[in-house]
Amino acid sequence: MRKVTVKHTWGLWVAIASMWLLPVRTAAQIGEHRDDLSVGANAGYQLSSVGFNPRVPQGQHGGLTGGLSVRYVCEKYYSTICSVYAELNVTQMGWKEDILDAHDQMVINPATSKAEEYSRTINYVQVPIFAHLAWGRETKGFNFFFQAGPQFGFCFGESTSCNFDVNQPNMTDRSNKTIKQYSMDVEKKFDYGIAGGLGLEYTIPQLGHFLLEGRYYYGLGNIYGASKRDYFGVSNFKGISVKLTYLFDLKRTEK
């Protein structure tokens, strides 16, 4: 019988709310008003996995991510530059299995005489919406930034890479017997969670802003049903990405 895991997410949502309320609190105090709007594009690479229960041993699934970016800077409070940042991305997420025996060796399929390999790529349209806080040079040079907030996604397709018949895997040598996922398409198309990142921004006057960021995503939803009658109690995404973003100004505050 599988164990149903209940995730406690209140602390995570409180953290998100705190990040979003910070610009509001600073706006209510004495600060330097900004009215800067920038748009551009982003691209990067993401490593993801799915937290299954019952457990499915995994490595990291690699995929591309990229899309459009927009940022609105509303306030500078002392040395903190406060803004709202959002993206509209197409992203490849998924999982890649480590199919091992009891000695942590790769399992060989008798029908093909090859090590069994399985991965699933799940394509999403994603919309992260972040509170963006930066410290450093504002109009020329480097600044350091932190951003965090909710992320929403919708699955529009999936594909499988497999070198064996999923109806006849080598169950004799496998140390982990969980294979139900092979016959299951994504059931929950809508995904949601929280994301946060750290990065550096370099601004060149008259040219634009170049941002390099490392970001972590933790899914609060599941790709499969998670009730007592479902096979998996948990099936949420976790991901790490590296992104490069270019922004150019549409509107700048006159100093």
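Student: What makes strand 9 (residues 208-219) and strand 10 count as a pair, and is their sense parallel or antiparallel?
Tutor: Count the bridges. Strand 9 and strand 10 are joined over 10 bridges, in the antiparallel sense. Pairing needs at least two bridges, so these strands qualify. Keep in mind that this is a predicted model. For one spot in that pairing, look at Leu 212, which stands opposite Leu 244 in strand 10.

Student: What holds strands of a sheet together?
Tutor: Strands of a sheet pair through backbone hydrogen bonds, either parallel or antiparallel.

Student: How many bridges join strand 1 (residues 32-53) to strand 10 (residues 234-251)?
Tutor: There are 17 bridges, and the two strands run antiparallel. The cut-off is at least two, so strand 1 and strand 10 are a pair. Asn 53 shows one bridge, with Val 234 in strand 10 as its partner.

Student: Which strands close into a barrel, and in what order?
Tutor: 8 strands do, in the order 1-2-3-6-7-8-9-10, with antiparallel pairing. From one strand to the next, the twist averages 20 degrees. The whole chain has 10 strands and 1 helix. Going from the N terminus, the helix comes before the strands.

Student: How do you know that strand 7 and strand 8 pair?
Tutor: They are joined by 14 bridges and run antiparallel. At least two bridges are required, so the pair counts. Check Phe 146, which stands opposite Leu 198 in strand 8. Check Pro 150 too: its bridge partner in strand 8 is Ile 194.

Student: How many bridges do strand 8 and strand 9 pair over?
Tutor: Over 12 bridges, in the antiparallel sense. Leu 200 stands opposite Leu 212 in strand 9. These strands form a hairpin with 3 residues between them. In that hairpin, Gln 206 takes a positive phi near 70 degrees.

Student: Why is the pair of Phe 164 and Tyr 182 called edge-to-face?
Tutor: Start with distance. Their ring centres lie 5.9 Å apart. The limit for a pair is 6.5 Å, so the rings pair. Now the angle. The planes stand at 65 degrees. Over 60 counts as edge-to-face, so that is the name. Phe 164 and Tyr 182 are 18 residues apart, in the loop between strand 7 (141-162) and strand 8 (190-204). The structure holds 16 aromatic pairs.

Student: Is Phe 164 buried or exposed?
Tutor: Its relative accessible area is 8%. Buried means under 20%, so Phe 164 is buried. Tyr 182, at 10% relative accessibility, also counts as buried. Across the chain, buried residues make up 47% of the 255 residues.

Student: Which residues do ring pairs link into a cluster?
Tutor: Phe 52, Trp 95, Tyr 118, Phe 164, Tyr 182, Tyr 224, Tyr 231 and Phe 232.

Student: Why does Tyr 216 count as partly exposed?
Tutor: Its relative accessibility is 40%. Partly exposed lies between 20% and 50%, so the label fits Tyr 216. Tyr 216 sits in strand 9. It touches residues including Ile 194, Ala 195, Lys 238 and Ile 240.

Student: How are Tyr 216 and Leu 47 placed, along the chain and by their C-alpha atoms?
Tutor: They are 169 residues apart along the chain, while their C-alpha atoms are separated by 9.7 Å. For the chain as a whole, consider contacts with a separation of 6 or more. Residues 24 or more positions apart account for 76% of them.

Student: Which residues touch the most other members in the largest nonpolar core?
Tutor: Among its 29 residues, they are Phe 52, Trp 95, Ile 122, Tyr 124, Ile 223, Tyr 224 and Phe 237. Elements that give two or more residues include strand 1, strand 3 (80-96) and strand 7. Strand 6 gives the largest share, 5 residues. In soluble globular proteins, nonpolar side chains tend to be buried together.

Student: What does Phe 237 touch?
Tutor: Its contacts include Val 50, Met 93, Ile 122, Tyr 124, Tyr 217 and Ile 223.

Student: What part of the accessible surface of the chain belongs to carbon and sulfur atoms?
Tutor: Their part is 61% of about 13,400 Å².

Conventions: Residues numbered from 1 in each chain as written. Predicted model: local features only at pLDDT ≥ 70, side-chain atom pairs only at ≥ 80, totals over all residues. Heavy atoms only, no water. Helix = DSSP H or I, 4+ residues; strand = E, 2+ residues; numbered from the N terminus. Buried < 20%, exposed > 50% of the residue type's maximum accessible area, 1.4 Å probe, protein only. Contact = heavy atoms within 4.5 Å. Areas by Shrake-Rupley, 256 points an atom, 1.4 Å probe, with all protein chains shown as cover. Phe/Tyr/Trp six-rings, centres within 6.5 Å; stacked < 30°, edge-to-face > 60°. Axes fitted to C-alpha atoms, helices over the stretch in contact; angles between N-to-C directions. Core = buried A, V, L, I, M, F, W, Y, C linked by side-chain atoms within 4.5 Å. Lists of a residue's contacts leave out its neighbours within four places in sequence.
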